[in-house]
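Hi everyone, thanks for coming. I'd like to walk you through one structure today, so please have a look at it before I start talking.

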Amino acid sequence: MEVVKVIAESFKFVCNLQFWRMSVLWTLSLVFSYLKLFSHGFLSPKSNVYSRRSPEHSTFANTAVTRPVCIITGATSGLGAAAAYALSEEVFVVLVFFGRSSELLSKVISDLKSQNQDACLKGFEVNLASFKSILEFKQSLQQWLRDSNLHSSVQLLINNAGILATSLRLTSEGYDQMLATNYIGAFCVTKVLLPLLENSPVPSRVVNVTSFTHWNVCCMQAGRETVSGRSFMKSKCYAYAHIYEYSKLCLLLFSYELHRQISLTVKSHHLSVVAADPGAVKTNIMREIPSCVSQMAFIVLKFLGLLQSSKTGVCSILDAALAPPEVSGVYFFGGNGRSLNSSPISYDANLAKDLWATSCNLFQELQLAS
């Protein structure tokens, strides 16, 4: 009976149009991204490639920063954990983790300690879909920095956390949980931590982890109904593929708009903002999809040579994190320091400004409510 139930659930899942949008259009957009990458590499092999510049202890000479602080959201598994391990081997010996599970946080910290005994790690349990939790994290972080005799600043923020929800769930504020986690949470975390990033005596950076799926959004309204996800609640079936694509496009628009605003200030060379696309990576982000369906998807992607492990997929995130300080407003994809232009709509300056205004209004409302 259990097998029959699993087969029935899987059959129902694949009969949904959202599944076919995800399986066909996402695969095509991934193939297109790699074709674009290879064509750029063939025509101009040295352009749009940035070498990593690992921080050296000499970078912090004569500054108040003794240990650079790196914050990684969603660092309990997959790409976040892989990035945490890789950066723990750099000068970023202090890593602050985000996670909704204290058990997973403890486990990943223990695992990383076993691999790198010199790593200095600290975990915080934070729910990105809750603004109250984000505010509490900032207070806890500042207190921890004081207690640890560290400078009151952050050198690197990696907004990596993301979910692929297949059913409608609302946050306490009434927002769609996937949009709240993938975009609104990242926006709020960045806004909350911006003073600490700007307070850094050495160059600091924000890395937003986005996805090739953003190519499938050809038009978008940046109003309150869209950003909160309420416009999607009107349909009978939960448009999980659409919403995931929108959340990743929002992250790109946000990245470019924040980069534009910073470039107009005197701190334009002090704080940089970049986006990173890891491609198709075998992580537990597909945990809500029936296991037999997700396993089949992984098999197909692996057959096409498009599936990467977390260890390989994290390369674009590390490229973005360790690119030279002057690099900003760039979309990293494909590893080896390579970058691409994202979709045309992601560079729509008016759309980005509208999204920024809407997001700031939501941010202010959440502040007042908290």
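**Starting from one leucine**

Let's begin with L318: leaving aside its neighbours within four places in sequence, L318 is in contact with R52, A83, A86 and L87, where contact means heavy atoms within 4.5 Å. L318 sits in helix α11, residues 315-321. When I say helix or strand, I mean DSSP runs numbered from the N terminus, H or I of at least four residues for helices and E of at least two for strands. L318 counts as buried, at 7% relative accessibility. For that label, buried is under 20% relative accessible area, exposed is over 50%, and partly exposed is in between, with a 1.4 Å probe and protein chains only. L318 and A84 are 234 residues apart along the chain, and their C-alpha atoms are separated by 9.9 Å.

A quick word on where this comes from. This is a predicted model, so local features need pLDDT of at least 70 and side-chain atom pairs count only at pLDDT 80 or more, while totals for chains, interfaces and linings use all residues. Residues are numbered from 1 along each chain as its sequence is written, and side-chain values use heavy atoms, with hydrogens and water left out.

Now the strands. Let me take β4, residues 156-159. In a regular strand the side chains alternate between the two faces of the sheet. Here L156 and I158 point one way from β4, L157 and N159 point the other way, and all are buried.

So which strands does β4 pair with? One partner is β1, residues 69-72, which runs parallel to β4 and is joined to β4 by three bridges. I call two strands paired if DSSP finds at least two bridges between them. Within that pair, C70 stands opposite L156. Another partner is β5, residues 204-209, again in the parallel sense, over four bridges. There, L156 has R205 as its bridge partner. To get from β4 to β5 the chain goes through helix α6, residues 177-198, and this β-α-β crossover is right-handed. Right-handed means that, with the strands pointing away from the viewer, the path from the first strand over the helix to the second runs clockwise.

Let's carry on across the sheet. β5 also pairs with β6 in the parallel sense, over six bridges, and V207 is matched with V274 in β6. From β6, three bridges lead on to β9, residues 331-333, once more parallel; A275 has Y331 as its partner there.

Is β6 enclosed or open? Seven of the seven residues of β6, residues 271-277, are buried, so β6 is largely enclosed by the rest of the structure. Both of its faces are covered, with L271, V273, A275 and D277 on one side and S272, V274 and A276 on the other.

Just past β1 there's T73, in the loop between β1 and α3 (78-88). T73 counts as buried, at 1% relative accessibility. Not counting residues up to four places away in sequence, T73 touches F98, L128, I158, N159, N160 and A161. With A161, the C-alpha to C-alpha distance is 5.0 Å, although the two are 88 residues apart in sequence.

On to the cores. A nonpolar core is a set of buried Ala, Val, Leu, Ile, Met, Phe, Trp, Tyr and Cys residues joined through side-chain atoms within 4.5 Å. The largest one has 87 residues, and L141 and M220 have the most contacts inside it. Beyond four places in sequence, M220 is in contact with Y246, L249, C250, L253, I345, L351 and L355. Apart from that core lies another, of 34 residues, including I72, A86, L105 and L156.

Finally, two asparagines. Most residues other than glycine have a negative phi. N149, in the loop between α5 (131-147) and β4, has a positive phi, near 55 degrees. N149 is exposed, at 68% relative accessibility. What about N336, buried or exposed? N336 is exposed, with a relative accessible area of 64%. N336 also has a positive phi, near 55 degrees, and is found in the loop between β9 and β10 (339-340).
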